[in-house]
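The following exercises ask the reader to work from local contacts to whole interfaces. Each task is followed by a solution in steps.

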Amino acid sequence: MNAAIKLFMVIVIGVEISFIQSVPLNLCILAVSCCYLLIKRVSIKSLLYLIIYPIIPATGLLVSQLFYGIQGPIIGWVLFTRLFAYVWLGATFTMTTNIKDLAFTLEQNFRLPSKFAYGVLTAFNLVPRIITEVQTIRHASLMRGVTMQLWSPKLYFKAILAAINWSSDLSQAMISHGFVEDAPRTHVEKTTIRWSDFAIFAFWLILVQVPIFVF
Amino acid sequence: MTTVSVSHFTFTYQHRDQPVLKDVNLTFPDGKISIIAGPSGTGKSTLLKSIAGLYPEFANGDYTGAITIGNQNIKQIPATDFSGLISMMFQNPNQQFTMTNVYDEIQFALENRQLDPAIIPERIDDALKFVNITKLKHRDLAALSGGEKQKVALAIIIAMDSDIILLDEPFASLDRQSRADLLHQLTRLRDQKQKTIILVDHDLSGYEKVVDTFFYLAPGQYQIKQLTPKEVAALLVPFDNAELKAVSFPLPNAGDAADLVLDHCELKQNDTTLLTANQFKFLNNKVTLITGENGIGKSTLFKALTRLFKYQGVITYQQKDIQKIKKKKYLSHVALVFQDAEMQFVNITVEEELALSMQNAVHNHYSKDEINAMLKALQIDGREKQVVYTLSEGQKKKLQIIEMLIMGTDILLMDEPFKGLDINSLATVVEMLRTASQKFGQTIIIISHQLSGLETLFDYHIQFKNRQLAYKEQLL
Amino acid sequence: MSKRWSLRNIILIALIAIVCGVIFWLTSFIYNALTLILTPIGLAPAANDISLGLWIVAGPLAGAIFKMPGVAIFSEVAGAVVEMFLGDQWGVMNVVSGLIQGAGAELGFAVTGYKKYGHFQLLMGAIFTTLITFTWDWFKNGYSSYGAGLLIFLFIVRFISVWIFSDPIPMAINKLLKRSRAIA
């Protein structure tokens with residue numbers, strides 16, 4: 001399925017369940033997402049992560065409603081299952097699609113200027129270096145006797161200074177690799193939007209409405 | 001015609017008193033390999049990036065004069081034609097890729113060149129084959145070594161088939177074998193594809209058999225001149241190293257005191273083992289030199305010693321596992337002078353930086369007057385109000401060394417601290433480090449490629465070779 | 001820094017968003033610890049309100065640095081997309097949050113027609129961000145089921161957190177960048 005349409009579909013469903021208080025709806029979405037991920041052979045480790053990760057925040061929401069909710073415990077369970085639904089629904093996109101697919105289709109089918117698509121892509125590749133950089137900055141300042149808290153403006157400042165240098169290096173490298181802003185490019189991997197993409201989109205969207213009326 | 005000519009080229013950076021290059025006139029011959037050598041920070045890269053059309057856009061500065069290819073001023077060449085004419089390989093292998101894997105990156109470059117998608121796969125295969133890295137075709141760029149990344153960068157240039165190839169200190173982080181491989185590829189590009197190649201590097205050694213035309217940028221001259229064969233020979237002679245060969249170091253005794261110890265320690269990067277050390281001691285109160293090839297893991301060792309890099313096994317400081325000491329406390333005993341001086345700065349002006357070090361010094365070894373004398377000796381006095389980030393690279397390095405000496409930590413690790421220092425400053429820094437060690441008992445451990453002018457500094461020499469550290473009597 | 005959507009600026013805005021995301025990610029242990037502490041007393045949502053400031057800092061910060069329309073919202077969305085692919089726990093809903101939070105900061109600058117990027121605009125951005133995100137949580141996180149007292153408490157906590165990371169902190173960072181001559 002086209003990556004952008006898939007993302008849009010998942011977002012639409014996610015937003016819709018935010019406004020509908022229904023435990024069965026959340027459970028249906030959870031079940032369908034789970035089946036989809038199993039079919040797509042997502043690793044067991046990832047699935048376990050998806051089970052464990054939402055537990056703390058979901059429990060927090062549940063307990064809070066049990067204590068302070070004025071509409072009874074049911075809302076607590078709606079929120080509890082909704083959070084799992086968000087995470088599992090989201091995984092149907094993130095665990096089966098990569099940022100390159102999304103960037104390619106946005107560039108080729110949705111007229112996103114290529115500088116945005118590739119600019120964000122190149123920044124994405126720098127994430128591991130940024131993590132190291134932030135840690136190194138904090139270490140380096142400790143060597144000068146200064147503790148930089150995570151909310152310290154100086155920490156952001158130093159990291160942004162590095163980012164300024166990197167943005168310069170990366171754009172120079174892209175230019176050197178022939179990239180010209182707003183100039184046409186050719187595409188080896190052609191992304192397409194088919195009628196079937198819209199059909200799948202409509203199918204799932206309609207299917208999501210079913211539990212709302214059934215339960 | 002792809003002769004590159006530079007005429008009346010003067011480049012001035014903002015916030016600097018002097019132009020970095022003044023009225024430079026040069027011609028790089030068509031179909032040859034040329035090199036511009038000279039110490040770092042003198043403007044070689046500035047010229048190269050100007051030829052590549054990246055400066056002045058990406059520099060805080062501008063130039064007067066003209067750069068022409070054939071008969072055309074580069075400023076008149078449309079951007080879409082430019083990459084077909086010139087490509088550049090950068091010094092830092094980590095900051096030149098857009099995509100995550102090798103194939104995608106080359107494809108990206110060829111799509112930019114608006115090549116017909118039908119011929120792109122073949123082009124990619126040919127380029128990989130030319131550089132002999134077909135096996136890397138589908139590898140993730142992040143998992144490659146520095147040398148492999150530079151080979152990929154070269155493959156991209158070959159696939160793009162530009163007439164002129166510029167290389168900005170391309171071997172800075174590569175081991176000898178990778179360097180030799182790449183140099184060999186460059187000669188093939190010249191001989192088989194008639195490319196015009198321009199390289200920049202800080203010294204000439206290793207290039208004498210490969211390069212056709214030599215240029216030299218002498219420090220403080222702001223000028224680049226072409227060297228005669230005689231001058232080339234003369235420049236290569238000082239590296240004969242007679243003085244360095246005569247230097248001899250003692251070997252440590254079993255009983256020598258050592259606070260910093262590697263205990264069954266192993267460093268690994270991307271599944272490659274960089275170092276294994278069963279029991280290795282860094283001796284107290286001495287100045288110790290660590291040498292080893294590029295990319296062997298020297299900087300990584302320093303990062304492990306300062307808890308910036310995860311290792312297997314144990315490193316101890318005063319018999320305590322360093323992971324069990326509070327980070328802030330540990331780093332007030334063992335500090336690192338980073339290769340990148342800017343990393344060390346916490347404040348904005350020179351004055352604020354010095355004040356911070358004095359305020360937070362672990363041991364107050366230096367008085368205010370002594371610090372002023374140090375600044376003066378290194379010719380960075382009178383700049384109290386200057387923003388540290390606007391200092392030249394050499395000035396940043398000097399300030400960094402002074403402020404880290406003021407910190408007065410028990411152990412000071414220094415990663416290539418002499419890079420970019422002129423000869424006089426080098427002698428002064430050597431003097432300061434000797435004082436720190438002899439008068440204040442600091443333990444100083446230094447990674448340095450540069451050795452000349454440092455004969456009197458070191459007490460011990462550690463060689464990092466074959467994934468092992470070992471004390472050596474000989475320097476070379 | 002030129003005021004246009006150049007390749008370099010796009011990369012930098014995305015990097016600034018990622019820097020903020022990385023710092024936020026490093027603080028996630030605070031969020032989890034807070035949630036754990038607050039869960040037994042039923043106040044877990046307060047963890048969300050307390051830490052929201054760290055979430056939204058990219059928008060006001062990038063807006064104040066670049067002073068161009070659209071930067072605040074672009075930075076938040078770009079940051080959200082990157083975090084989504086990094087396997088952040090909120091996944092796709094991150095993009096919705098990014099849009100909503102970016103819109104708050106963006107509106108703050110839009111109020112005065114993108115002519116100024118000072119304290120007032122950042123304060124307005126903080127107000128809009130608090131209002132919009134609170135409305136979103138009204139539905140998404142069941143805030144509609146809380147009593148007035150708890151709601152007022154959460155709202156105030158959220159506003160303070162959002163304001164601190166919308167105004168004083170981005171302004172301080174901006175000032176450091178200016179003093180260092182990194183930006184004009």
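**Exercise 1. Establish the surroundings of B:Thr42 and of B:Thr349 in this predicted model.**

Step 1. Setting aside residues up to four places away in sequence, B:Thr42 touches B:Val20, B:Leu21, B:Leu217 and B:Pro219.

Step 2. The position of B:Thr42 is in the loop between strand E3 (33–37) and helix H1 (44–51) of chain B.

Step 3. The relative accessible area of B:Thr42 is 13%. The cut-off for buried is under 20%, so B:Thr42 is classed as buried.

Step 4. B:Thr349 belongs to the loop between strand E16 (334–337) and helix H11 (350–360) of chain B. With 9% relative accessibility, B:Thr349 also counts as buried.

Step 5. Neighbours within four places in sequence aside, the contacts of B:Thr349 include B:Glu384, B:Lys385 and C:Arg179.

**Exercise 2. Locate the partners of the salt bridges B:Lys396–B:Glu342, B:Asp459–B:Arg434 and C:Asp137–C:Arg158, and decide for each partner whether it is buried or exposed.**

Step 1. The search over all chains finds 23 salt bridges in the whole structure. In one of them, B:Lys396 pairs with B:Glu342, with the closest N and O atoms 2.9 Å apart.

Step 2. This pair links distant parts of the chain, 54 residues apart: B:Lys396 is in helix H13 (residues 393–407) of chain B, and B:Glu342 is in the loop between E16 and H11 of chain B. B:Lys396 is buried at a relative accessible area of 3%, and B:Glu342 counts as buried at 19% relative accessibility.

Step 3. For B:Asp459 and B:Arg434, the closest N and O atoms are 3.3 Å apart. B:Asp459 lies in the loop between strand E18 (443–447) and strand E19 (460–465) of chain B, whereas B:Arg434 lies in helix H14 (residues 423–438) of chain B, so the salt bridge ties together parts that are 25 residues apart in sequence. B:Asp459 counts as buried at 18% relative accessibility, and B:Arg434 is buried with a relative accessible area of 13%.

Step 4. In chain C, the side chains of C:Asp137 and C:Arg158 form a salt bridge (2.5 Å, N to O). Because C:Asp137 lies in helix H7 (residues 119–140) and C:Arg158 in helix H8 (residues 148–166) of chain C, the pair ties together parts that are 21 residues apart in sequence. C:Asp137 is buried at a relative accessible area of 6%, and C:Arg158 counts as buried at 0% relative accessibility.

**Exercise 3. Describe the fold and the spread of chain A.**

Step 1. Chain A has 10 helices and zero strands.

Step 2. The radius of gyration of chain A is 22 Å, well over the 17 Å that the globule rule gives for 215 residues, so chain A is more spread out than a compact globule.

Step 3. The C-alpha trace of chain A spans about 60 × 55 × 30 Å along its principal axes.

Step 4. Of the 215 residues in chain A, 55% are buried. Among contacts in chain A with a separation of 6 or more, residues 24 or more positions apart account for 76%.

**Exercise 4. Characterise the interface of chain A with chain C.**

Step 1. The contact takes 69 residues from chain A and 69 residues from chain C. About 6,000 Å² is buried between chain A and chain C, and carbon and sulfur atoms give 80% of that area.

Step 2. The rule finds one salt bridge across this interface, namely C:Arg4 with A:Glu181 (3.4 Å, N to O). There are 11 residue pairs in polar contact between chain A and chain C, both residues at pLDDT 80 or more.

Step 3. H9(A) gives the most to the side of chain A that touches chain C, with 16 residues. That side has 46 nonpolar, 19 polar and four charged residues.

**Exercise 5. Characterise the interface of chain A with chain B.**

Step 1. Here 48 residues from chain A meet 55 residues from chain B. The buried area is about 4,600 Å², of which carbon and sulfur atoms give 59%.

Step 2. A:Met143, A:Arg144 and A:His177 supply 21% of the area that chain A buries against chain B, more than any other three residues.

Step 3. Four salt bridges are found across the interface of chain A and chain B. A:Arg144 and B:Glu353 meet in a salt bridge (2.6 Å, N to O).

Notes:
Residues are numbered from 1 along each chain as its sequence is written. Chains are lettered from A and ligands numbered from 1 in the order in which they are written. This is a predicted model: local features need pLDDT of at least 70, side-chain atom pairs count only at pLDDT 80 or more; totals for chains, interfaces and linings use all residues. Side-chain values use heavy atoms; hydrogens and water are left out. Contact means heavy atoms within 4.5 Å. Buried area is the accessible area (1.4 Å probe) that two parts lose on being put together, summed over both. A polar contact is a pair of N or O atoms within 3.5 Å; within protein, one must be able to donate a hydrogen and the other to accept it, and residues adjacent in sequence count only if both atoms are side-chain atoms. Helices (H or I, at least four residues) and strands (E, at least two) are DSSP runs, numbered from the N terminus. Ala, Val, Leu, Ile, Met, Phe, Trp, Tyr, Cys and Pro count as nonpolar, Asp, Glu, Lys and Arg as charged, and the others, Gly among them, as polar. The radius of gyration is taken over C-alpha atoms; the globule rule is 2.2 Å times the number of residues to the power 0.38. Buried means under 20% relative accessible area, exposed over 50%, partly exposed in between (1.4 Å probe, protein chains only).
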